[in-house]
Amino acid sequence: METENQKVLIITYYWPPAGGPGVQRWLKFVKYLPDFNITPVVYIPENPTYPIIDEDLLSDVSDKALILRNKITEPYGLAKIFSGNKSRKMSSGIIPHKKKQSFAERLMLWIRGNIFIPDARFLWVKPSIDFLSYYIQKNNIQTVITSGPPHSLHLIGLGLKRRQKINWIADFRDPWTTIGYHKALKLSSYAAKKHKKLESQVLNTADVILVTSNTTKSEFKALTAKPIEVITNGFDVEKTGAQPLDQKFSLAHIGSFLSERNPTILWESISELIAENADFKNDFELKLIGAVSREVLDSIEKQKLTFHLNNMGYVSHSEAIAAQKQSQVLLLIEIDSEDTKSIIPGKLFEYMVSERPILGIGPEGSDFASILKETNTGAFFTYAQKEDLKAKISEHYKAYQNGVLKSHAVGLQRFSRKNLTGDLAAIIRKTAK
């Protein structure tokens with residue numbers, strides 16, 4: 001029996017032409033929700049300050065979605081006048097190591113953490129509540145979904161829930177107070193308590209909490225009795241098709257390479273293999289695609305790997321997909337911290353369908369390590385397993401020399417964007433009952 005069509009209001013900050021990982025999750029949910037008889041109404045800022053632009057993603061916006069726009073006042077726009085490129089890097093997640101921060105960078109971090117609570121989009125909250133309250137009433141919207149970060153958007157949901165009779169689903173693409181960069185924000189005691197209080201209000205007022213990993217679910221279960229559902233990120237059917245493999249033995253990292261995500265064991269392992277094997281030295285290439293911190297580049301230079309480095313900078317999403325299919329091995333690096341065990345990078349799922357083996361490095365107990373193992377798409381190493389990592393790179397190089405380097409994935413279909421949207425549609429209908 002066909003289910004009745006319903007409208008769902010989705011409040012998100014990142015939307016095409018925004019680039020980067022933050023846009024993908026809801027762009028794809030919106031793409032497939034109409035297939036499940038749900039019409040998405042997407043509320044976005046009219047004049048956002050996006051750190052990364054990818055015009056190609058505009059073609060992926062569903063023509064069945066209704067788009068609402070409302071003006072936003074953004075402090076980052078003003079900050080660019082005084083700090084140039086530094087505010088753009090900071091808003092994209094590239095935070096310099098604390099020992100190398102300039103006075104201006106320290107000041108921006110302090111303001112970001114202590115004045116912009118919970119984040120720099122807090123000035124959009126009240127105008128959005130006023131704007132959307134009228135829209136919800138006029139258009140008989142029953143379900144509202146907020147997606148953060150920025151977590152200010154959850155405060156819009158909180159305000160709407162207090163004003164309107166709605167079902168509210170709060171989607172956490174990343175955690176709030178336990179995310180890695182939170183500690184870098186130089187929070188005062190007052191600001192830290194304010195963040196915790198707002199987080200608690202959201203978690204205990206929303207009807208359903210969505211998270212992307214089991215670890216985040218466990219953390220939130222200690223803070224709320226509300227239902228918590230896990231829907232990971234996933235992969236979509238991409239347009240790039242098959243790609244010719246690099247002639248070089250290329251190790252590629254796609255996405256932002258943060259200062260704290262600097263795997264010195266990887267650079268040391270590669271440097272040693274270059275010194276030990278002349279063929280490896282001639283064949284090796286390191287590809288970095290996306291924003292890269294100065295600290296990471298300094299570590300690469302320290303190990304005398306600059307000659308082998310192909311630093312490509314930011315490319316469009318479609319170009320990134322093509323590049324990962326061309327690369328011999330894909331690198332997935334997470335910060336070595338208890339706080340990052342829950343992080344499952346969105347690119348993992350696109351990596352998994354590229355048919356290229358993945359080398360994962362992160363903290364022990366990482367959620368993404370179990371996914372690599374379950375799907376047979378790669379190997380995982382902690383920051384203490386340098387010799388094991390080096391041996392795996394050497395093993396991959398021998399397979400490359402013999403022309404047989406490839407991953408043999410299993411059970412990937414459950415991570416397809418359409419299947420995951422089906423899970424979301426089921427939660428939406430269950431919440432609305």
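1. In which loop is proline 150 found? In this predicted model, proline 150 belongs to the loop between β4 (143-148) and α6 (152-163). The peptide bond that leads into this residue from proline 149 is cis, and its omega is near 0°.

2. A second cis peptide bond joins isoleucine 117 to proline 118, with omega near 5°. Proline 118 is placed in the loop between α4 (103-114) and α5 (125-139). As background for this point and the next, most peptide bonds are trans, and most residues other than glycine have a negative phi.

3. Two residues that are not glycine merit a check of their backbone angles. Asparagine 140 has a positive phi of about 55° and sits in the loop between α5 and β4. This asparagine is exposed, its relative accessible area being 61%. Lysine 304 has a positive phi of about 60° and sits in the loop between α11 (294-302) and β10 (309-313). Lysine 304 is likewise exposed, with a relative accessible area of 69%.

4. Threonine 377 also lies in a loop, the one between α14 (367-375) and β13 (378-381). Is threonine 377 buried or exposed? With a relative accessibility of 2%, threonine 377 counts as buried. When neighbours within four places in sequence are left aside, the contacts of threonine 377 include Met352, Arg356, Pro357 and Ile358. Ile371, Leu372, Ser407, Ala409 and Leu412 are also among the residues in contact with threonine 377.

5. Helix α7 spans residues 189-205 and has 17 residues. From its first C-alpha to its last, α7 reaches 24 Å, close to the 24 Å expected at 1.5 Å a residue. The buried residues of α7 are Ala191, His195, Leu198, Glu199, Val202 and Leu203. They cover an arc of only 130° around the axis, which places them on the same side of α7. The general geometry is relevant here: an α-helix has 3.6 residues a turn, so residues three or four places apart point the same way. On the face of α7 turned away from the buried side are the exposed residues Tyr190 and Lys193.

6. Which residues of helix α12 are buried? They are His317, Ala320, Ile321, Ala322, Ala323, Gln324 and Lys325. Because seven of the 10 residues of α12 (residues 317-326) are buried, this helix is largely enclosed by the rest of the structure. The elements against which the buried residues of α12 pack are α1, β8 (249-254), β9 (284-289), β11 (329-333) and α13 (347-352).

7. Helix α1, one of the elements packed against the buried residues of α12, also packs with helix α16. Two packed helices are described by the angle between their axes and the distance between the axes. For α1 (residues 24-32) and α16 (residues 417-432), the angle is about 80° and the axes are 9 Å apart. The two helices α1 and α16 are therefore roughly perpendicular to each other. On the α1 side, the contact is made by Gln24, Arg25, Trp26, Lys28, Phe29 and Tyr32. These meet Arg417, Lys418, Leu420, Thr421 and Leu424 in α16. By class, the contact of α1 with α16 comprises five nonpolar, two polar and four charged residues.

Note on methods. Residues numbered from 1 in each chain as written. Predicted model: local features only at pLDDT ≥ 70, side-chain atom pairs only at ≥ 80, totals over all residues. Heavy atoms only, no water. Helix = DSSP H or I, 4+ residues; strand = E, 2+ residues; numbered from the N terminus. Expected span 1.5 Å × (residues − 1). Buried < 20%, exposed > 50% of the residue type's maximum accessible area, 1.4 Å probe, protein only. Arc of directions from axis to C-beta. Axes fitted to C-alpha atoms, helices over the stretch in contact; angles between N-to-C directions. Parallel < 35°, antiparallel > 145°, perpendicular 65-115°, else oblique. Contact = heavy atoms within 4.5 Å. Nonpolar A, V, L, I, M, F, W, Y, C, P; charged D, E, K, R; others polar.
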